[in-house]
Amino acid sequence: MKLKPSDLDKIAQKMRSVTNLRKGTARIKITVHMGTCGIASGARDILSAFLSCVEEEGVSDVLITTSGCAGLCSREPMATIEAGDKPPVKYVDLTKEKVKRIFKDYVMGGKIVEEYALAIGSERVL
Amino acid sequence: MYDLSLHILDIVENSIRAGARNVRIDIMQNTKKKRLDIIIKDDGKGMDDKEIRSACDPFFTTKKGKKVGLGISLFAQAAHATGGEIIIKSQKGKGTEVHASFNLYHPDMKPLGDMDETVRILRATHRDVTFYYIKHDKYMP
């Protein structure tokens, strides 16, 4: 396959987004909880849905990562979304449809989808 | 877990949490010998002898504040259900190898599932880790 100049632009754009994520300059960080409980509940599909949303929207400032069990196994699949200085939002009982809505409304639009959120803010041990 | 690709994702997430920077997944299927072998090898922080012996115990975990550790024990259960076994080799500071073998045609054998998706997800979310995924059709260990 021969590369055209337009292909090089596309590759450059794609790599720029990867570099942004590596540098930690992401505007939004999405953490999908991938403990055993999360994976057994469908976290892989949820992560895949978030990745598809990023690709469809063509955004380069959204970092998607994973973590272990958050201690609420019965509410998996779960994701925590951190946007800039705002408190993190924990979304629970996720489905692919809910992911699409959360991505559109919160990640792209900045509006928290309250009906899917379990909590807003960080946990603290008192 | 519905299929083995989810178990593998779970075990590899453990490897990454153990600091692995290189993870190799080998899947070997031999229809003549009716056997499937899965080997996951990492260069994470490894386990000592006591941790290796306890790894398949669902009530053992190295995570603080937790009482259960189900990842390897569920993987082992999936292997044992087919008459297979799981062997864990590890050296502190060097890495861990988990080798699970399955009886391919046992009624309780889980499907392999979507390994390409598991590897895609791992590569997309852990860009600082190198993953090697090799599916062998003829080779047996």
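**Figure 1. H1(B) and H3(B) cross with a left-handed twist.** This is a predicted model, and the first view sits inside chain B, where the axes of H1(B) and H3(B) come within 9 Å and cross at roughly 150°. An angle over 145° counts as roughly antiparallel, so that is how H1(B) and H3(B) run relative to each other. From H1(B), the contact takes in B:Leu4, B:His7, B:Asp10, B:Ile11 and B:Asn14, and H3(B) answers with B:Gly71, B:Ile72, B:Leu74, B:Phe75 and B:Ala78. Sorted by class, the residues where H1(B) meets H3(B) are six nonpolar, three polar and one charged.

**Figure 2. Chain B meets chain A through 15 residues of its own and 13 residues from chain A.** Look for helix H1 (4-17), helix H3 (71-80) and helix H4 (115-125) of chain B here: these are the elements that give two or more residues to the side touching chain A. That side of chain B has seven nonpolar, three polar and five charged residues.

**Figure 3. Helix H3 (residues 43-57) of chain A crosses H4(B) at roughly 60°.** The two axes come within 10 Å. With that angle, H3(A) lies oblique to H4(B), and the crossing is left-handed. On the chain A side, pick out A:Arg44, A:Leu47, A:Ser48 and A:Leu51; on the chain B side, B:Glu117, B:Thr118, B:Ile121, B:Ala124 and B:Thr125. Taken together, the residues in the contact of H3(A) with H4(B) come to four nonpolar, three polar and two charged.

**Figure 4. H3(A) also packs against helix H4 (residues 96-108) of chain A, with axes that come within 9 Å.** The crossing angle is roughly 45°, which makes H3(A) oblique to H4(A). The hand of this crossing is right-handed. H3(A) brings A:Asp45, A:Ile46, A:Ala49, A:Phe50, A:Cys53 and A:Glu57, while H4(A) brings A:Lys96, A:Val99, A:Lys100, A:Phe103 and A:Met108. There are no polar residues in the contact of H3(A) with H4(A), just seven nonpolar and four charged.

**Figure 5. A:Ile46 and A:Phe50 touch the most other members of the largest nonpolar core.** That core has 57 residues. Zoom in on A:Phe50 and, leaving out residues up to four places away in sequence, you'll find it touching A:Ile30, A:Val32, A:Ile64, A:Val99 and A:Phe103. Two of these names, A:Val99 and A:Phe103, come from the H4(A) side of the helix contact in the previous view. For the bigger picture, chain A has four helices and five strands, laid out along the sequence as α-β-α-α-β-β-β-α-β. Buried residues make up 33% of the 126 residues in chain A. Among chain A contacts with a separation of 6 or more, 67% join residues 24 or more positions apart.

**Figure 6. A:Ala79 sits in strand E3 (residues 79-83) of chain A.** How many C-beta neighbours does A:Ala79 have inside 10 Å? The count is 28, and since 20 or more is enough to be buried, A:Ala79 qualifies as buried. Beyond its neighbours within four places in sequence, A:Ala79 is in contact with A:Ile30, A:Thr31, A:Val32, A:His33, A:Ile46, A:Tyr91 and A:Leu94. If you want a reference point, A:Gly110 is 31 residues from A:Ala79 in sequence and 16 Å from it in space, C-alpha to C-alpha.

**Figure 7. The peptide bond from A:Glu76 to A:Pro77 is cis.** Its omega is near 0°. You'll find A:Pro77 in the loop between strand E2 (62-67) and E3 of chain A.

**Figure 8. A:Asp93 has a positive phi of about 50°, though it isn't a glycine.** Its spot is the loop between strand E4 (89-91) and H4 of chain A. Buried or exposed? A:Asp93 counts as partly exposed, with 13 C-beta neighbours inside 10 Å.

**Figure 9. B:Lys34 is a residue other than glycine with a positive phi, near 55°.** The loop that holds B:Lys34 runs between strand E1 (22-30) and strand E2 (35-42) of chain B. B:Lys34 has 14 C-beta neighbours inside 10 Å and so counts as partly exposed.

Terms used
Residues are numbered from 1 along each chain as its sequence is written. Chains are lettered from A and ligands numbered from 1 in the order in which they are written. This is a predicted model: local features need pLDDT of at least 70, side-chain atom pairs count only at pLDDT 80 or more; totals for chains, interfaces and linings use all residues. Two residues are in contact if their C-beta atoms, placed from the backbone, lie within 7 Å. Ala, Val, Leu, Ile, Met, Phe, Trp, Tyr, Cys and Pro count as nonpolar, Asp, Glu, Lys and Arg as charged, and the others, Gly among them, as polar. Axes are lines fitted to C-alpha atoms, for helices over the stretch in contact, and angles run from 0 to 180 degrees between N-to-C directions. Angles under 35 degrees count as roughly parallel, over 145 as roughly antiparallel, 65 to 115 as roughly perpendicular and the rest as oblique. A crossing is left-handed if the near helix is turned anticlockwise from the far one by less than a right angle, and right-handed if clockwise. A nonpolar core is a set of buried Ala, Val, Leu, Ile, Met, Phe, Trp, Tyr and Cys residues joined through C-beta atoms within 7 Å. A residue is buried if 20 or more other C-beta atoms lie within 10 Å of its own, exposed if 12 or fewer, and partly exposed in between; C-beta atoms are placed from the backbone.
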